[in-house]
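Me: Could you teach me how to read a model like this one, feature by feature? I would like the general idea each time, and then the case at hand.

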Amino acid sequence: MIRSVTWKLILAFLVVSLTVAVFGAWIARWLTQYEFEQLVLEQAKSRFVADVSFYYQVNGSWRGVLEFIRQRSVPSVPPAGAPQVQPPQLFPNPSPPIRKPLVFLLVDEQGRVVVPAGGYRLGEVLLPETLAKATPIEVEGRVVGYALPSGDLPTMDAREQQYLARTNRALALATIAAMLVALVLGFLLARALTRPLRELTHAIRAMGEGALHQEVPVRSRDELGSLAQAFNQMSADLAQADQARRHLTADIAHDLRTPLTVIAGYLEAMQEGVLPPTVERLQAIQMEVGHLQRLVEDLRTLSLADSGELRLTLQWIAPGDLLHRLYMAFVAQAHAQGIRLETQVQPDIPRIKVDTERMVQVLSNLVSNSLRHTPQGGEITLFAESADGMVHLVVEDSGEGIPSQALPHIFERFYRVEASRSGGRGESGLGLAIAKSIVEVHGGSIQVESEPGRGTRFSISLPVRSEGENLP
């Protein structure tokens, strides 16, 4: 069994080309022989008509024409004393003999057969519709008879047979040459077609050995080119996902190690009597435990969102009520930091169907970030507006902003823009990633716009639904 695609393609090309070449050669041979036979037949008819016309012109009737035709068909030395059909001087340059006797029959002007051939008998009268297919014989402008083919083909002479034999040999050689050309072209085409497959196979094997980032050249715009592009994209995505997994593991280990180190240090010092177990030290341990609990809960939330198992308790709520709840939760902290916090709600904005607690969690994370990165004297505004079938919940601040190179990554897990934006203890680096996951579970999206020194704008877009409509 052939297992190589290259040889399968070569064999396929060879079979197709062989079939086409043989069929084409057979058609060409048949047409050549048919047309050549028709040419010989036309020449024989012209010769026959010329001979019998000349005979009638000399003799003035068809008497004795049958013997004349037989002598012309089978040339031989006439016997001594045989009557001359016509004077020899009347045929100084006679045409070559007809190869096959009685290939054409001769009919007089009354339709009576005078030279029988084929299935016709001497003296038989032909029907007018049969004569309509015959070739008239004219002498001095008068139709004196008709020539009609008998249906038999004239025998070819040696030269004509050699011509057909040479033609058949040429067709056979052309067929063999076409097969050889098809074999060479098939090999080259098969190699060219399977080259991307070989490159893909090599790259896949390399990925199986751990080198996930592989890229194969895109050599065409056809299906193989599309396959190469899809493979390159898949390889890049896998490499990025693997790198993100490695970073995630390292970040989780780092965020777990820091509070555990603090807790272990305090406990070890207390056990050895180096430090007494005061209320302040126990509160510090409790704070680190709380940080661990929040980190574990954040990871659990992300895991549920990724697996599609994050359960939502949906209820209808007015966007203004949602923003008012946030305002009441953060207004005291904003006032203490010298930051103005206000809300703006578009009139007649439709209600939204959301998990209120989850959406408050998302918005609280955004407001908390704004409070951490907005200086004294700044302001934070909560917007609610409706446009294009969507309700937009916006948290906009006049804080320090986010560098442009960091914007594409801020929703990645454990991503921190810089040390100055990493905040104090208690931040896990998962807040924006969780916010994005929760919004997407609601069928919405979250975008960010920011300019360093001029503030940041987070916008959550949620679809407007009818009262009986559920989430997709």
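Me: Let me start with side chains: which residue's side chain meets that of Glu199 in a salt bridge?

Reply: Side chains of opposite charge can pair when their charged atoms come close. Here the partner of Glu199 is Arg219, at 2.6 Å from N to O. A salt bridge here is a side-chain nitrogen of Lys or Arg within 4 Å of a carboxyl oxygen of Asp or Glu. Before we go on, keep in mind that this is a predicted model, in which local features need pLDDT of at least 70 and side-chain atom pairs count only at pLDDT 80 or more, while totals for chains, interfaces and linings use all residues. Residues are numbered from 1 along each chain as its sequence is written, and side-chain values use heavy atoms, with hydrogens and water left out.

Me: Where do Glu199 and Arg219 sit in the chain?

Reply: Glu199 belongs to helix α4, whereas Arg219 is in the loop between α4 and α5, so the label "distant parts of the chain" applies to a pair 20 residues apart; helices (H or I, at least four residues) and strands (E, at least two) are DSSP runs numbered from the N terminus. In total the structure holds ten salt bridges.

Me: How do the axes of α4 and α5 cross?

Reply: Axes are lines fitted to C-alpha atoms, for helices over the stretch in contact, and angles run from 0 to 180 degrees between N-to-C directions. The axes of α4 (residues 158-208) and α5 (residues 223-271) come within 10 Å and cross at roughly 15°. The two helices are therefore roughly parallel to each other, a label for angles under 35 degrees (over 145 is roughly antiparallel, 65 to 115 roughly perpendicular, and the rest oblique). Their crossing is left-handed, that is, the near helix is turned anticlockwise from the far one by less than a right angle; clockwise would be right-handed.

Me: Which residues of α4 and α5 meet?

Reply: Contact means heavy atoms within 4.5 Å. Among those in α4 are Leu193, Leu197 and Met207, and the α5 side includes Phe231, Met234 and Ser235. The residues of this contact divide into twelve nonpolar, one polar and no charged. In that count Ala, Val, Leu, Ile, Met, Phe, Trp, Tyr, Cys and Pro are nonpolar, Asp, Glu, Lys and Arg charged, and the others, Gly among them, polar.

Me: Is the crossing of α7 and α8 left-handed or right-handed?

Reply: Right-handed. Helix α7 (residues 319-336) and helix α8 (residues 356-373) have axes that come within 10 Å and cross at roughly 35°. This contact holds ten nonpolar, four polar and two charged residues. Helix α8 also crosses helix α9 (residues 431-441), at roughly 145° with the axes within 9 Å, and that crossing is left-handed.

Me: Now the sheets: what is the order of the strands in the open sheet of four?

Reply: Strands of a sheet pair through backbone hydrogen bonds, either parallel or antiparallel. Two strands count as paired if DSSP finds at least two bridges between them. The order here is β2-β1-β4-β3, with antiparallel pairing. Strands β2 (113-115) and β3 (135-139) are the edges, each pairing on one side only. From one strand to the next, the twist averages 35°. Helix α1 (residues 5-59) packs on this sheet, touching β1, β3 and β4.

Me: Which residues stand opposite Tyr146 in β4?

Reply: Val107 stands opposite Tyr146, and so does Pro136. Five bridges join β1 (residues 104-108) to β4 (residues 142-149), and five bridges join β3 to β4. In the β3-β4 hairpin, with two residues between the strands, Glu140 has a positive phi near 55°.

Me: And how are the strands ordered in the open sheet of five?

Reply: They follow β6-β8-β9-β11-β10, with mixed pairing, and the twist averages 15° from one strand to the next. Strands β8 (residues 379-387) and β9 (residues 390-397) pair in the antiparallel sense over eight bridges, with Leu382 opposite Val395. Seven bridges join β10 (residues 445-451) to β11 (residues 455-463). Those two strands form a hairpin with three residues between them, and Gly453 in the turn has a positive phi of about 85°. Helix α7 lies across β6, β8 and β9, running at about 175° to β6.
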